[in-house]
Amino acid sequence: MMCGAPTASQPATAETQAIADQVKAQLEERENKTYATFKAVAFRSQVVAGRNYFIKVQVDDDEFVHLRVFQSLPHENKPLALSSYQTNKAKHDELTYF
């Protein structure tokens, strides 16, 4: 993997779901709504001074959100942070850098 270049999109893993679950409350607070469904379906990652995760999350039958989550370096001992997000996405929308 080249430093700075995002990986190709791949199916979500249990680790990806755990990351999404940890920032769910941050998204709900920003959007002022709760999500009964919150299933990670795909992700990309990017090595920076830490790691960015771009995660496609299903929040309804045909509604998705894209999350950008920052994971700091281990020695910094900081929690995962929801850096940015995009709402009103569909299943076929490509997970891109944002």
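In this predicted model, the charged end of Arg68 sits over the ring of Phe98, 6.0 Å from the ring's centre. Arg68 also has its charged end over the ring of Tyr97, 5.9 Å from that centre. Both rings belong to one aromatic cluster, which Phe54 completes.

How many aromatic pairs does a search of the whole structure find? The answer is three. Among them are two that involve Phe54, shown here.

| Aromatic pair | Centre to centre | Angle between planes | Geometry |
|---|---|---|---|
| Phe54 and Tyr97 | 5.3 Å | 55° | tilted |
| Phe54 and Phe98 | 5.8 Å | 70° | edge-to-face |

Take the Tyr97 pair. Phe54 lies in strand β3, residues 50-60. Tyr97 lies in the segment after β5, and that strand covers 81-89. The two partners are 43 residues apart, so this pair links distant parts of the chain.

Now take the Phe98 pair. Phe98 lies in the segment after β5, while Phe54 lies in strand β3. The two parts are 44 residues apart in sequence, so the pair ties them together.

Is Phe54 buried or exposed? Phe54 has a relative accessibility of 1%. The cut-off for buried is under 20%, so Phe54 counts as buried. Phe98 is buried too.

Put the pieces together. Phe54, Tyr97 and Phe98 form the cluster. Phe54 comes from strand β3, and Phe98 from the segment after β5. The charged end of Arg68 sits over Tyr97 and over Phe98.

Note on methods
Residues are numbered from 1 along each chain as its sequence is written. This is a predicted model: local features need pLDDT of at least 70, side-chain atom pairs count only at pLDDT 80 or more; totals for chains, interfaces and linings use all residues. Side-chain values use heavy atoms; hydrogens and water are left out. Rings of Phe, Tyr and Trp (its six-membered ring) pair if their centres lie within 6.5 Å; planes under 30 degrees apart count as stacked, over 60 as edge-to-face and the rest as tilted. Helices (H or I, at least four residues) and strands (E, at least two) are DSSP runs, numbered from the N terminus. Buried means under 20% relative accessible area, exposed over 50%, partly exposed in between (1.4 Å probe, protein chains only). A charge sits over a ring if NZ of Lys or CZ of Arg is within 6 Å of the ring centre and within 35 degrees of the ring normal.
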